[in-house]
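User: Hi! I'm new to reading protein structures, and I'd like to go through this one step by step. Can we start from the overall plan and work down to single residues?

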Amino acid sequence: MDMLRKLSPQTQAVLGGVVLYVIFSFFDWQQVCVSGGGFSACAGVSEWHGFGGTITVLVALLLLAWEVARLLSLKIPLGGISPALISVGLAGLLLVLTIITFLNHNEARHWPSYIGLLLAIVIGVAAFMRGKEEGVKMSDLDAVKGAMSSIGSSGSSAGASSDSAAPAPSAPAPPVEAPPAPPAEPAGDAPAETPPSDS
């Protein structure tokens, strides 16, 4: 607990917000209740319902794991990318995906969906403010986007260059016509007929 109290308010907001977000993802984000004749029943689906919602919660779990790794000072090779930049990127991605999920799950919204959207906004703002304090700039985010696009373009250009480096198949040679075969000779030479002699 003492270690958590020593964290900055932004870090506490990110960690606490992500934990609450994951918890509320299991609540019904959409719910329908039917009542009548002294009987009532409710049915609903959580944020995990559907492909988009599942991906969103998985991003939240990834952000939580990343924040715990930063809290424990785990050394993870990042290839020159700062840990704060990854936190900002994951928090921004979580916010965008949550907005998309919130808009897609627009029928019979239940109160946990509003809580989840609010938590995603808090996480995104807190991560961005902490990132600015840690030296993250918008140019860094643009550099990450440029690096990702260059990786994709280099992969496609590498495929094109490998295709161009391959030798082009040669055109098939025209068929060579065989010389006509000489006429077949008879199997045996027939004896020449001698003219009749006058005797």
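Analyst: Sure. Helices and strands here are DSSP runs, with at least four residues for a helix and at least two for a strand, and they are numbered from the N terminus. Keep in mind that this is a predicted model.

User: Okay, so what pattern does the protein follow along the sequence?

Analyst: Start with the ingredients: the protein has six helices and two strands. Now read along the sequence and write α for a helix and β for a strand. The pattern you get is α-α-β-β-α-α-α-α.

User: And of contacts between residues at least 6 apart in sequence, what percentage join residues at least 24 apart?

Analyst: A contact here means heavy atoms within 4.5 Å. Take the contacts in the protein between residues at least 6 apart in sequence, and ask which of them join residues at least 24 apart. That share is 64%.

User: Let's look at the helices. Are α3 and α4 roughly parallel or antiparallel?

Analyst: Helix α3 covers residues 51–71 and helix α4 covers residues 83–104. Their axes are 9 Å apart and the packing angle is about 155°. Angles over 145 degrees count as roughly antiparallel. That makes α3, relative to α4, roughly antiparallel.

User: Which class of residue has 14 members in the contact of α3 with α4?

Analyst: On the α3 side, the residues that meet α4 include Ile55, Val59, Leu62, Leu63 and Trp66. On the α4 side, those that meet α3 include Ile86, Leu90, Leu93, Leu94 and Leu97. Sorted by class, the contact of α3 with α4 has six polar residues and two charged ones, and the class with 14 is nonpolar.

User: What about α4 and α5: which hand does their crossing have?

Analyst: Helix α5 spans residues 111–133, and α4 packs with it at an angle of about 155°, with the axes 9 Å apart. That makes α4 roughly antiparallel to α5. As for the hand, α4 passes α5 in a crossing that is left-handed.

User: How many charged residues are in the contact of α4 with α5?

Analyst: From α4 the contact draws in residues including Val88, Leu95, Ile99 and Phe102, and from α5 residues including Leu117, Ile121, Phe128 and Arg130. By class, the contact of α4 with α5 has 13 nonpolar and six polar residues. The number of charged ones is one.

User: Arg130 caught my eye. Is Arg130 buried or exposed?

Analyst: Arg130 lies in helix α5. It touches Glu67, Arg70 and Ser87, among others, and also Ser8, Gln10 and Thr11. The C-alpha atoms of Arg130 and Pro9 are 8.9 Å apart, although 121 residues separate the two along the chain. With a relative accessible area of 4%, Arg130 is buried.

User: Now the disulfide. Which hand does the disulfide of Cys33 and Cys42 have?

Analyst: A disulfide is a covalent bond between the sulfur atoms of two cysteines. The count here comes to one, and that one joins Cys33 to Cys42, with 1.9 Å from S to S. The torsion about the S-S bond of Cys33 and Cys42 is about 110°, so the disulfide is right-handed.

User: Which residue is 15 residues from Gln30 in sequence and 5.5 Å from it in space?

Analyst: Gln30 sits in strand β1, residues 28–36, and is buried at 13% relative accessibility. Among the residues it touches are Ala43, Gly44, Val45 and His105. The one that lies 15 residues away in sequence and 5.5 Å away in space, C-alpha to C-alpha, is Val45.

User: And where is His105 found?

Analyst: Besides Gln30, His105 touches Ser46, Glu47 and His49. His105 is buried, with a relative accessible area of 12%. As for its place, His105 is found in the loop between α4 and α5.

User: Last one: does Ser73 count as buried or exposed?

Analyst: Most residues other than glycine have a negative phi. Ser73, however, has a positive phi, near 60°, and Ala108, also not a glycine, has a positive phi of about 55°. Ser73 is placed in the loop between α3 and α4, and Ala108 in the loop between α4 and α5. Ala108 counts as partly exposed at 36% relative accessibility, while Ser73, at 52%, counts as exposed.

Definitions and conventions: Residues numbered from 1 in each chain as written. Predicted model: local features only at pLDDT ≥ 70, side-chain atom pairs only at ≥ 80, totals over all residues. Heavy atoms only, no water. Axes fitted to C-alpha atoms, helices over the stretch in contact; angles between N-to-C directions. Parallel < 35°, antiparallel > 145°, perpendicular 65-115°, else oblique. Nonpolar A, V, L, I, M, F, W, Y, C, P; charged D, E, K, R; others polar. Left-handed = near helix turned anticlockwise from the far one by under 90°. Disulfide = S-S within 2.5 Å. Buried < 20%, exposed > 50% of the residue type's maximum accessible area, 1.4 Å probe, protein only. Lists of a residue's contacts leave out its neighbours within four places in sequence.
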